[in-house]
Amino acid sequence: MKHTTDAQGVSRVNQTGQLSHSDQNTQANRATQAKQSTKDTPANSTDLIDLPKQTVPIRCEGVAVVLLKKYLNEFHVLMLKRAGRMLHGEWCYIGGGIEPREKAWEAAIREIREETGITDIRLYTSNQFEQFYSQAEDYIYMAPVFVGYVHEDQSVQLNHEHSDYRWMTFDEAKHNAALPGIDDILDFVEKHFARKTPSKWLKMNIENE
């Protein structure tokens, strides 16, 4: 008996009870499709497709500088009282943006000069970063923190960005710090730059630039 197919497409067998080679392939393809359909169908029809997770951008476009000067064998921190709209009347250390084609350490030198008039410093990178979240623009601001040692003869000349300044002890500076996180940075600077000599690998070789 030859293999035939009825009007409904149901395969019939030959005398040996076996499907022809072509019909075996057809049924194998159908089985594979059925398995694939079952695999692709969620266990619960209400399951949602996973969407990419939203991320918060990080912008590293500014610098922060902690200046140290020794008084009676103890380092003090320069703290500035802000006169601008942001953090008005609060005590902070030096900070500002990085200008186009400017390196971070160059921005630190410029901000020191503009905000305090100080030009004679030994500058180090602290290996720490100041950071905060901006609700208005939904991003995380991050700035490398530099530490500068100021000679005792250097005086401070404020620009319009600040209304007052004080050389504070570390305890005073941490107590008066405007925002949480600043005290952590001051703790770090006190431990690694005021209580001991910093690593030579952190020093900015400004004279070679």
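Let me start with Glu172, which at 31% relative accessibility counts as partly exposed, and keep in mind throughout that what we are looking at is a predicted model. The partner of Glu172 is Arg166, and the two form a salt bridge in which the closest N and O atoms are 3.9 Å apart, a value that falls inside the 4 Å cut-off for such a contact. Arg166 is likewise partly exposed, with a relative accessible area of 36%.

Moving along the chain, Asp187 forms a salt bridge with Lys174, and here the closest N and O atoms are 2.6 Å apart. Because Asp187 lies in helix α4, residues 182–194, while Lys174 lies in helix α3, residues 170–176, this pair ties together parts that are 13 residues apart in sequence. As for its surroundings, Asp187 counts as partly exposed, at 37% relative accessibility.

Now, what about Arg110 and Glu111: are these residues buried or exposed? Arg110 has 8% relative accessibility and therefore counts as buried, and Glu111, at 6%, counts as buried too, the limit for that class being under 20% relative accessible area. Their side chains meet in a salt bridge, with a distance of 3.1 Å from N to O.

That pair also belongs to a wider arrangement, since Glu99, Glu102, Arg110, Glu111 and Glu114 are linked in a network of salt bridges.

To put these contacts in context, the structure holds ten salt bridges, among them the Arg166 to Glu172 pair, the Asp187 to Lys174 pair and the Arg110 to Glu111 pair that I have just described.

How values were computed:
Residues are numbered from 1 along each chain as its sequence is written. This is a predicted model: local features need pLDDT of at least 70, side-chain atom pairs count only at pLDDT 80 or more; totals for chains, interfaces and linings use all residues. Side-chain values use heavy atoms; hydrogens and water are left out. Buried means under 20% relative accessible area, exposed over 50%, partly exposed in between (1.4 Å probe, protein chains only). Helices (H or I, at least four residues) and strands (E, at least two) are DSSP runs, numbered from the N terminus.
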